[in-house]
Amino acid sequence: MSRYLAAEIEPKWQKAWDNFEVFKAVRDENRPKYYVLEMFPYPSGKLHIGHVRNYTMGDVIARYKMSTGHNVLHPMGWDAFGMPAENAAMAIGGHPKEWTYGNINQMRQQMKPLGLSIDWSREFATCDPEYYGQQQALFLDFLNKGLVYRKNAVVNWDPVDMTVLANEQVESGRGWRSGALVERRELTQWFFKISDYAGDLLDAIDVLDDWPAKVKLMQANWIGKSRGLEFSFETIGAPDGFDEIDVYTTRPDTLLGASFVGISSDHPLARYLETENRDIAAFNKECRQMSTSEADMEKADKKGIDTGIRVRHPLNPAWELPVWVANFVLMDYGTGAIFACPAHDQRDLDFSLKYNLEVKDTFFALENETPVGTKAFVPPKSEKVRWINHFAGLGVATGQEAIDATITHAESHGWGKGVTNYRLRDWGLSRQRYWGCPIPVVHCVTCGVVPEKKENLPIRLPDDVTFDKPGNPLNRHATWRDCACPSCGAPAQRETDTMDTFVDSSWYFARFTSPDAATPTDQEDLNYWMNVDQYIGGVEHAILHLLYSRFFCRAMQLTGHANQKNAQEPFNALFTQGMVTHAIFKTAKDDGRPVYHYPEEVELRENKAYLIADGREVDIVPSSKMSKSKNNVVDPERIIEQYGADTARWFVLSDSPPERDVEWTASGAEAAYKFLGRVWLISHRVAQMPSDELTDSDNDLLQEMHKTIRDVTLGIESFGFNAAIAKLYSFTNTLSKSKASAVAQKLSIITLAQLMSPMTPHLAEDIWQHQGGTGFIAQAPWPVFDKNMLVETTVTLPVQVNGKRRAEITIAKDLEKSEVEKLALMQEAVIRALEGADPKKVIVVPGRIVNVVA
RNA sequence: GCCCACGUGGUGGAAUGGUAGACACAAGAGACUUAAAAUCUCUGGGAUUAAUAGUCCGUGCCGGUUCGAGUCCGGCCGUGGGUACCA
């Protein structure tokens with residue numbers, strides 16, 4: 001054999017790892033444990049290149065940690081409940097269960113050839129009854145501790161299909177299948193009381209040292225702590241029972257700039273008014289004919305209707321303000337009613353200008369007293385401004401000082417109270433769908449809502465369901481739905497809502513520590529393996545999934561499923577990798593609906609795309625997240641088949657920094673393969689060299705080797721895989737040209753193989769074996785660099801004049817600053833650049849640079 | 001709309017506030033070869049220039065801080081992610 005043949009090497013080593021159970025995680029108190037986890041995939045059916053990128057990164061960390069003496073847990077599973085399975089059942093027939101498990105088998109088969117260091121014995125899918133049964137047990141314990149409750153909430157309702165739509169299924173206000181205008185409808189739904197933990201979830205962000213700052217910021221903003229004032233307006237001309245309107249504001253300091261009171265169309269007063277006022281009813285109806293998504297609501301034109309009701313200003317009973325129903329006021333935040341100060345809020349200003357409402361300044365910038373025109377004056381709360389309208393007689397003060405003064409005034413005079421509010425809402429977990437974890441409660445006419453008995457868990461999904469009618473099949477399944485009340489035994493009905501799939505992914509990491517336990521978790525296993533030391537996944541999960549998981553850990557602790565010994569935070573370190581994007585190729589059907597084409601159906605010429613089949617031109621939507629429904633998914637199978645797993649792994653790690661999005665292009669995969677072939681050949685060449693001894697001339701190579709060990713180690717530890725790979729390229733170039741002794745070259749190729757082993761484990765094992773290594777390279781200790789080999793005696797410094805590089809000097813490393821300065825000023829180019837002038841200043845940064853300031 | 005990122009050669013990208021373009025891809029030239037493949041060597045931001053000597057310009061745009069800014073600050077523009085029922 002004289003050529004690098006991945007197809008022979010890779011299966012061989014995978015089998016060997018399997019036989020020796022190299023990646024099986026077993027508790028061992030004598031070694032430090034390390035839990036590496038990549039966000040588990042949704043089994044869409046095809047592994048795509050983004051998955052390969054994600055799992056390869058995790059694998060590099062796992063293998064690296066293994067060789068630095070850690071007892072590594074690296075599991076894999078499937079986030080298997082969710083809408084696509086039901087959509088497939090509706091579109092092509094079949095059953096979500098078959099579809100899902102079929103996809104899992106397919107994806108596992110695609111994943112295994114990658115040679116990931118996964119302990120497959122721990123694998124599970126969230127749709128396994130063994131998993132969701134334990135989840136039901138967790139739910140019951142949460143319910144028991146008051147962490148779950150029911151209340152009304154709005155959903156997107158498709159009046160033609162008679163079904164609840166996800167936000168994703170609403171396309172510009174219409175249902176994606178029926179095309180009907182979507183309505184908002186209230187249903188009684190289950191909620192987790194995550195808001196109880198808002199303060200804690202916010203404060204604990206500070207503890208997350210190894211999380212990206214951007215994720216922490218996003219979470220903090222999402223929780224959105226604010227200190228504000230809650231107070232009431234006394235109404236004039238309002239119906240009985242509406243003597244007051246409660247409002248919450250974060251800017252009570254601008255109260256003297258008030259112009260109107262805005263209430264949500266879902267506010268009780270608005271709801272009452274619509275029963276007796278046709279115009280308001282029509283307006284409210286219009287407001288409700290909109291998807292429930294925040295983005296849609298915020299982007300909609302600001303609209304309102306005057307209710308005719310007026311309120312008294314709390315600081316001046318003679319001053320009356322109109323009450324409007326406004327489409328931008330959210331019922332879910334604060335009290336569902338606001339007072340508007342157009343001078344200092346752009347949204348209020350736009351609204352006021354549109355409806356000719358008063359605009360009144362309350363403060364000006366210190367050096368500019370122009371009244372507000374079409375742009376609201378909204379300085380940061382920390383900026384000093386000049387108050388012209390404040391009841392406490394403020395002169396120059398910051399917004400924050402004014403807010404504090406206002407709250408103090410309100411509390412001491414009894415017209416309002418300071419309130420800390422959070423933007424974070426409770427987590428609605430009810431889904432009116434079949435393919436999810438059934439909520440284990442029963443509705444009984446006499447006993448009300450009754451928790452299912454734990455011994456009856458899991459409450460299994462019935463298999464005999466059909467998807468030929470819209471809506472939740474569980475609702476139509478009489479024999480499943482009808483049951484006996486666990487409390488009184490009378491005929492009762494099961495809850496037919498299932499759980500949000502985010503519930504499934506909020507504790508799977510804990511279940512991996514004891515996937516077969518008869519309770520949700522096993523305390524000993526959990527205590528040994530938790531927390532996850534390194535969590536890796538897409539930044540698209542920066543808020544919801546991570547926040548829900550953080551909440552679940554707290555709830556599990558409260559219910560005794562996680563010991564106090566574990567920190568409340570599940571993930572010690574987080575790395576958010578970028579997405580792999582690809583252009584979408586799109587044409588339109590006759591009715592205007594889009595048709596998406598696979599990259600391989602399309603031919604590119606001069607920045608335009610054409611269908612290979614019939615030559616029609618295709619629209620290109622650049623850089624879009626790979627999505628199965630858009631057919632822009634690139635699957636890695638071809639690269640693996642052609643070049644092998646090591647090439648695919650090496651290739652996805654090279655070039656692009658892991659946290660950044662990459663536009664996928666396969667050009668370069670071949671080059672990666674050639675490189676691995678080169679390394680393999682070097683190993684063979686070195687193996688055939690006659691043995692000899694180290695000489696002084698080997699120093700260059702060995703020095704380079706130690707530098708490479710240092711740089712690659714640092715690169716792996718800091719997720720700088722692309723930079724680490726660049727160093728490995730350099731070192732390989734050096735080694736392939738080296739004239740050093742056989743001993744030095746052998747040491748170098750072994751070290752190179754070890755440094756590459758987390759990325760290209762199969763090739764590395766092969767070289768290790770060639771060079772006579774014992775055992776697996778996967779279990780060999782990581783190379784350590786020798787500091788003494790990195791000491792440089794001379795250093796080359798650039799010399800700048802006014803920040804522009806003019807010359808270079810090579811000097812002894814520890815030369816005195818004054819000497820360096822002298823040398824720099826003697827440089828011809830420096831003298832020329834100074835044009836005879838004396839330097840004003842010379843800055844010498846030791847070992848870095850010299851800058852002469854003229 | 002709001003929150004968070006990102007923007008550097010033909011391309012992917014490198015650069016603790018300290019020589020911008022490491023390393024690679026694609027390209028061009030050359031060596032080897034009957035030829036091709038493979039392999040190896042060299043070139044390469046732009047302008048000016050005989051020059052691998054210099055000089056000037058250059059990290060989305062405008063401004064600022066600094067001896068020195070791709071990097072820090074402010075304001076724009078563009079792209080991406082999230083926006084609570086996509087996962």
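How are α20 and α25 oriented to each other? The points below take up this and other features of what is a predicted model.

1. Helix pair α20 and α25. Helix α20 covers residues 645–653 and helix α25 covers residues 761–770; their axes come within 7 Å and cross at roughly 120°. The two helices are therefore oblique to each other. On the α20 side, A645, D646 and R649 make the contact, and on the α25 side the residues are P761, H762 and L763. By residue class, this contact consists of 3 nonpolar, 1 polar and 2 charged residues. Two packed helices are described by the angle between their axes and the distance between the axes.

2. Cysteines. A disulfide is a covalent bond between the sulfur atoms of two cysteines. The model has 0 disulfides, taking a cut-off of 2.5 Å between cysteine sulfur atoms. C485 is a case to look at: the nearest cysteine sulfur belongs to C444 and is 3.7 Å away, and C485 is in no disulfide. With a relative accessibility of 3%, C485 counts as buried. C287 also counts as buried, at 8% relative accessibility. The cut-off for buried is under 20%.

3. T708 in helix α22. Helix α22 spans residues 699–717 and contains T708. Is T708 buried or exposed? Its relative accessibility is 5%, so T708 counts as buried. Apart from neighbours within four places in sequence, the residues in contact with T708 are K727, L728, F731 and L755.

4. Sheet with β20 to β23. These 4 strands form an open sheet in the order β21-β20-β23-β22, and the pairing is antiparallel. Strands β21 (448–451) and β22 (482–484) are at the edges; each has a single partner strand, so one side of each has no neighbour in the sheet. From one strand to the next, the twist averages 45°. Strand β20, residues 441–444, is paired with β21 in the antiparallel sense over 4 bridges. Within β20 and β21, V442 is opposite V450.

5. Sheet with β3, β4, β7 and β18. This is an open sheet of 4 strands with antiparallel pairing, in the order β4-β3-β7-β18. Which strands stand at the edges? They are β4 (163–165) and β18 (427–428), and because each has a single partner strand, one side of each is left without a neighbour in the sheet. Strand β3, residues 148–158, runs antiparallel to β4 and is joined to β4 by 3 bridges. One residue pair at this junction is D158 with T163, the latter in β4.

6. Strand β10 and its partners. In a regular strand the side chains alternate between the two faces of the sheet. Strand β10 covers residues 260–263; F260 and G262 point one way, V261 and I263 point the other way, and all are buried. How many bridges does β10 form with β13? Strand β13 (residues 337–340) pairs with β10 over 4 bridges in the antiparallel sense, and G262 has I338 of β13 as its bridge partner. Strand β12 (residues 316–326) runs parallel to β10, with 3 bridges joining the two. Here V261 is bridged to V323 in β12. Strand β10 thus has an antiparallel pairing with β13 and a parallel one with β12.

Key:
Residues numbered from 1 in each chain as written. Chains lettered and ligands numbered in written order. Predicted model: local features only at pLDDT ≥ 70, side-chain atom pairs only at ≥ 80, totals over all residues. Heavy atoms only, no water. Axes fitted to C-alpha atoms, helices over the stretch in contact; angles between N-to-C directions. Parallel < 35°, antiparallel > 145°, perpendicular 65-115°, else oblique. Contact = heavy atoms within 4.5 Å. Nonpolar A, V, L, I, M, F, W, Y, C, P; charged D, E, K, R; others polar. Buried < 20%, exposed > 50% of the residue type's maximum accessible area, 1.4 Å probe, protein only. Pairing = 2+ DSSP bridges.
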